[in-house]
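This report is written for a reader who meets the structure here for the first time. Please look through the sequence and the model below before reading on.

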Amino acid sequence: MTNCNSQKFPSTCQESTIIKTFHNTGEIIRYQEIDPISTSLLDGVVLRQENGKYYKAIYTENTINVEWYRCTYPTDLTNGTGDKVMLTKAINTAGYLGATLRFDAKEYILNEQLSFVNISCFKLLGDKQHTVIKSNSNQRFNSYFLHFSNCNNFIIEGISFDLNKRNLQVYTAHDWDSAATEILRDFNGGIYIINSLESTNIEINDCRFFDLYTRAIQFYNCEGTIKVSNNYFESGVQSQMFRMEHLGLTQSHNANFIVENNTFKNAKNLNPSTAPCGIFAFDCGYYGSVLITNNNFEYCGRNNTGHHRLYAIDFYDNVNNFIISNNMFRNTTWGAIRFDGTKKNAIISDNYIHQLIADDSGVINSSSRLTDGLANEFKNISINNNIIETSDSRTYGILLQSQVDEIAADNINIQNNNFNNVRTAVTIGGNINNINISNNCASNVHAATIEYSAHSITITTDSNGNSTETKRITSVLGNALISNNNFKASPQGDTFTGIAINGFTPPSPDDYEAVNNLTKRFVVSNNLIYGNGTGYGITINHEVSLDGRVTVSGNEVSNINTGLYLRCKKVIAKDNILSDCNVMPINDDGQIDHIKFDNYYNNIPL
């Protein structure tokens, strides 16, 4: 671990023999004599050599001023290098000394990336309002303004980064496809931090990243505690659809990320193919953690038109041990939270989400995936206390699926969420075990409030690109409790169903027993379902995998066409109250072996 408490040079009480005046700042600086150091460390300003001796500036509060360097290394606008030399010298010296480098309230010009290696225990400090790092060129440069490699224990605070999209050529598919490495896909980024493997403290605070071009901040292969807080990320309306993400947390399984109190604000945009992503991540948290809390997102989320979709927060592969809580998502253009490939331990709670444009799967969305070298699991997932409302009634609320037989999907909890004006509130698919969907409230629902596909799907694509879906059950699923929910249909429409569970019937009767044995219990109890005079209350569809596997009890269903539509065999249906059913309270498709007493026990049609 880097030790930031050790002094490079001892303090001195001797009279200074060298005194310099920095006329541009009005400061008079005294110097102390020090032991000889490498000439590569001498910057001619803070560390200097005179008459064969070595000197270091004496400064207070461990702070040096970048403006001290300006007269020695002036801004060069003639050949386009701007403040490159001045900033390089000053930041390297701050890193060597473990000092704070104070920036003035002015613009600093960079037209290329500055790279820093193996410096630690420093702070770059701007004034939070007027300190700006920017390019003055309409020619873009590869990568990021500031690139830190193997640097540890540092803070960047109060600096704005102008990413300059308004003056640059439109990013294209060729820019993405032709890049030799991943980082070369980026131009005019803000900060890139890589291989920080001994870090116990990296912070980016109170900064501003505006006019996004490709990416603002990215961490790659980092460890320790990393905090991104109180920053403002902004993008104008984009013309591209390939690479525009504000913050990236990538390939850092040993890091503990904290992302809090930031704003990700994009310009009003009704085209989801060109909307930026707020936070993206992959391969994080397996041995560390990710906390994203108290952030604001506006007009975030990109659809599939470009190379790939990215939600407002998008963990598109293998992010674990994370909490996403207390965030505000306004005018979301293509989904709020996706966490594909997560293995374990996810909490999504207490978020407010407003979806502006309907996506094709779920505002909160996850699919399990296999990852070489890690456990085949998808477990300990809690989605609780969120509010999801939409401006587009075709929107899906929460979707979870596990379509991989080798993955043990287990211990899923969806509870106390509120939904308004959605097509479907909760969609479940695949081989998921031990799932609890309880105490949710949904109003103005347009289709099945809970749509549960108790089977997996194999998708095959032929040489012409035509896809075929084939249902299967080849691993254990079930043990599902759906209880104490309150669902209300939209005032119009005839497609409402309160709860629908769909099983699977194999083509061959020889396989009936196998799929039935792999399907465990489904209990639908104590739900309140209110329709609009059409549709169904609870539907258990006619598939042999569900025969003898379903209990429907204690529910109250009203103002509907059919209260209970029980199409498979041996359903336990008891203590349900079914009122104002315009067609019939119970339709069993002629099944004669429901439990008990011929058909039902203690159900009350009114």
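Which residue lies over the face of Trp176, and at what distance from the ring centre? The residue is Arg185, which lies over that face at 4.2 Å from the ring centre. A second contact of this kind involves a lysine, for the charged end of Lys344 sits over the ring of Tyr286, 4.4 Å from its centre. These values, like the others in this report, are computed from a predicted model.

**Overall picture**

The protein has 606 residues, of which 58% count as buried. Its secondary structure comes to three helices and 54 strands, and the C-alpha trace spans about 105 × 50 × 40 Å along its principal axes.

**Aromatic pairs**

The structure holds 24 aromatic pairs. One of them joins Phe116 and Phe148, whose rings are stacked, at 5.5 Å centre to centre and with 25° between the planes. This pair links distant parts of the chain, since Phe116 belongs to strand S8 (residues 114–117) and Phe148 to strand S11 (residues 144–149), 32 residues apart. Both partners, Phe116 and Phe148, are buried.

Why does the pair of Phe141 and Phe145 count as tilted? The centres of the two rings are 5.2 Å apart, which is within the 6.5 Å cut-off for a pair, and their planes stand at 55°, so the pair is tilted, because an angle that is neither under 30 degrees nor over 60 falls into that class. Phe141 is buried, with a relative accessible area of 6%, and Phe145 also counts as buried, at 0% relative accessibility. Phe141 and Phe145 also belong to one aromatic cluster, together with Phe161, Phe209, Phe233, Phe264, Phe297 and Phe329.

**Helix H1 and the loop before it**

Helix H1 covers residues 84–97, and its 14 residues should span 20 Å at 1.5 Å a residue; the C-alpha atoms at its ends are 20 Å apart, so the model agrees with the expected span. The buried residues of H1 are Met86, Leu87, Ala90, Ile91, Thr93, Ala94, Gly95, Tyr96 and Leu97. As general background, an α-helix has 3.6 residues a turn, so residues three or four places apart point the same way. Just after H1 comes Gly98, which takes a positive phi of about 70°.

Arg70 lies in the loop between strand S5 (63–65) and H1. Is Arg70 buried or exposed? Arg70 is buried, because its relative accessible area of 17% is under the cut-off of 20%. Arg70 and Ile323 are 253 residues apart in sequence, and their C-alpha atoms are 45 Å apart in space.

**Two asparagines with positive phi**

Most residues other than glycine have a negative phi. Asn380 and Asn434 each have a positive phi although neither is a glycine, and the table sets out their values and places.

| Residue | Phi | Strand | Relative accessible area |
|---|---|---|---|
| Asn380 | about 60° | S33 (residues 377–384) | 29%, partly exposed |
| Asn434 | about 55° | S39 (residues 432–438) | 36%, partly exposed |

**A contact in strand S51**

Tyr565 lies in strand S51 (residues 556–566) and is buried, with a relative accessible area of 14%. Although Tyr565 and Ile538 are 27 residues apart along the chain, their C-alpha atoms are separated by 6.1 Å.

**The second largest pocket**

The second largest pocket has a volume of about 460 Å³. How many residues line the second largest pocket, and which of them lie nearest its centre? The lining is made of 22 residues, of which Ser361, Leu399, Gln401, Gln403 and Thr427 lie nearest the centre. The elements that give two or more residues to this lining are strand S32 (364–367), strand S35 (396–402), strand S38 (424–430) and strand S41 (448–453). Sorted by class, the lining of this pocket has five nonpolar, 10 polar and seven charged residues.

Technical notes: Residues are numbered from 1 along each chain as its sequence is written. This is a predicted model: local features need pLDDT of at least 70, side-chain atom pairs count only at pLDDT 80 or more; totals for chains, interfaces and linings use all residues. Side-chain values use heavy atoms; hydrogens and water are left out. Rings of Phe, Tyr and Trp (its six-membered ring) pair if their centres lie within 6.5 Å; planes under 30 degrees apart count as stacked, over 60 as edge-to-face and the rest as tilted. Helices (H or I, at least four residues) and strands (E, at least two) are DSSP runs, numbered from the N terminus. Buried means under 20% relative accessible area, exposed over 50%, partly exposed in between (1.4 Å probe, protein chains only). A charge sits over a ring if NZ of Lys or CZ of Arg is within 6 Å of the ring centre and within 35 degrees of the ring normal. The expected span of a helix is 1.5 Å times one less than its number of residues. On a 1 Å grid over the protein atoms alone, a cavity is a set of points where a 1.4 Å probe fits but cannot get out, and a pocket is an open set with protein on both sides within 12 Å along at least five of seven lines; lining residues have an atom within 4 Å of a point. Grid points are joined across faces, edges and corners, and a volume is the space filled by probe spheres set on the points. Ala, Val, Leu, Ile, Met, Phe, Trp, Tyr, Cys and Pro count as nonpolar, Asp, Glu, Lys and Arg as charged, and the others, Gly among them, as polar.
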